[in-house]
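Reader: I am new to this structure and would love a close look at one part. Please start with the largest pocket, and then show me how the rest can be read from there.

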Amino acid sequence: MHFLKRVHYSFAMLRHYRHALAHINTPQHSIKRVTDISPVGLRESGITVLVLDFDGVLASHGEKHPLRELTHWLDECVTVFGAERVFILSNKPLPSRIAYFQQHHVGVRCIKEVRKKPYPDGLETIIKLTGEPATQIMLVDDRLLTGALAGCIAQVQVTYISKPYINLSKRPVQELFFLSLRVAERRLIKWFSQF
């Protein structure tokens, strides 16, 4: 039942934010990998809070920890923004993921016990926790109709990951499902934005 409500909500919000989502899905607002983001560059552009999705952004789907190659980049984010201004907002806030950040990136908070994206609850929680204006918060996500849509609703800035991390050999069914969803999202948004 919750899933169907979330799908209905997504389509209702898609109609309202279709042009904003089409704009996010452009080369100026999308990047291939999270490591293409310069934390210093973001800070210099006025971003004070960084919010990261997990699946596809920090690791392939279902992984317990971010990829090892991202350790230095995450450390740089903590140095530039301060750990209390870096958040993980995943629709799967697994205990193993929370424990990883508590151990390796102390102070980075994983938002949990909120409705899943595209509901803006997680982002609204972050806005309240930090006291920062929405316009100074950057969400990095690999899904248009969940994370990016939540970002539009909450009026935060969004960077879309166009080439998310995947591991077809480990989880072929799950990864192919999400690859198909991403393709469908892009086509749907392109179609909706014509009206």
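Author: Let us begin with the vocabulary: helices (H or I, at least four residues) and strands (E, at least two) are DSSP runs, numbered from the N terminus. What you see is a predicted model, in which local features need pLDDT of at least 70 and side-chain atom pairs count only at pLDDT 80 or more, while totals for chains, interfaces and linings use all residues. Residues are numbered from 1 along each chain as its sequence is written, and side-chain values use heavy atoms, with hydrogens and water left out.

Now to the pocket. On a 1 Å grid over the protein atoms alone, a pocket is an open set of points with protein on both sides within 12 Å along at least five of seven lines, whereas a cavity is a set where a 1.4 Å probe fits but cannot get out; lining residues have an atom within 4 Å of a point. Points are joined across faces, edges and corners, and a volume is the space filled by probe spheres set on them.

The largest pocket holds about 560 Å³ of space. It is lined by 26 residues, and those closest to its centre are Arg 6, Arg 143, Thr 146, Phe 178 and Leu 181. Three helices each supply at least two lining residues: H1 (2-24), H6 (144-154) and H7 (172-192). H7 gives the most, with 7 residues. For the chemistry, Ala, Val, Leu, Ile, Met, Phe, Trp, Tyr, Cys and Pro count as nonpolar, Asp, Glu, Lys and Arg as charged, and the others, Gly among them, as polar. By that sorting the lining has 10 nonpolar, 5 polar and 11 charged residues.

The second largest pocket, at about 150 Å³, comes next. Strand E6 (157-161) and H1 are the elements giving two or more residues to its lining. That lining has 6 nonpolar and 5 polar residues but no charged ones. Among its residues are Ala 20, His 23, Met 138 and Cys 152.

From the pockets we can turn to the packed interior. A nonpolar core is a set of buried Ala, Val, Leu, Ile, Met, Phe, Trp, Tyr and Cys residues joined through side-chain atoms within 4.5 Å; buried means under 20% relative accessible area, exposed over 50%, and partly exposed in between (1.4 Å probe, protein chains only). The largest core has 28 residues, and those touching the most other members are Val 34, Leu 50, Leu 52, Leu 58, Trp 73, Phe 101 and Val 140. Two or more residues come from each of strand E2 (49-52), helix H3 (71-81), strand E3 (86-88), helix H4 (95-104) and strand E5 (137-141). H3 has the largest share, 4 residues. A separate core of 16 residues includes Leu 14, Leu 144, Cys 152 and Ile 153. Cys 152 thus belongs to this second core and also lines the second largest pocket.

Charged partners give another thread to follow. A salt bridge is a side-chain nitrogen of Lys or Arg within 4 Å of a carboxyl oxygen of Asp or Glu, and the structure holds 9 of them. In one, the side chains of Lys 117 and Asp 53 meet at 3.1 Å, N to O. Lys 117 sits in the loop between strand E4 (109-110) and helix H5 (121-130) and Asp 53 in the loop between E2 and H3, so this pair ties together parts 64 residues apart in sequence. Lys 117 also meets Asp 141, at 2.8 Å, N to O. Asp 141 is in strand E5 and Lys 117 in the loop between E4 and H5, so here the parts tied together are 24 residues apart in sequence. Asp 53, Lys 117 and Asp 141 are therefore not isolated pairs on the page: they are linked in a network of salt bridges. Lys 117 and Asp 53 are both buried, and Asp 141 is buried too.

One last detail belongs to that loop. The peptide bond from Lys 117 to Pro 118 is cis, with omega near 25°. In the loop between E4 and H5 you will also find Glu 113, which has a positive phi of about 60° although it is not a glycine. Most residues other than glycine have a negative phi, and most peptide bonds are trans.
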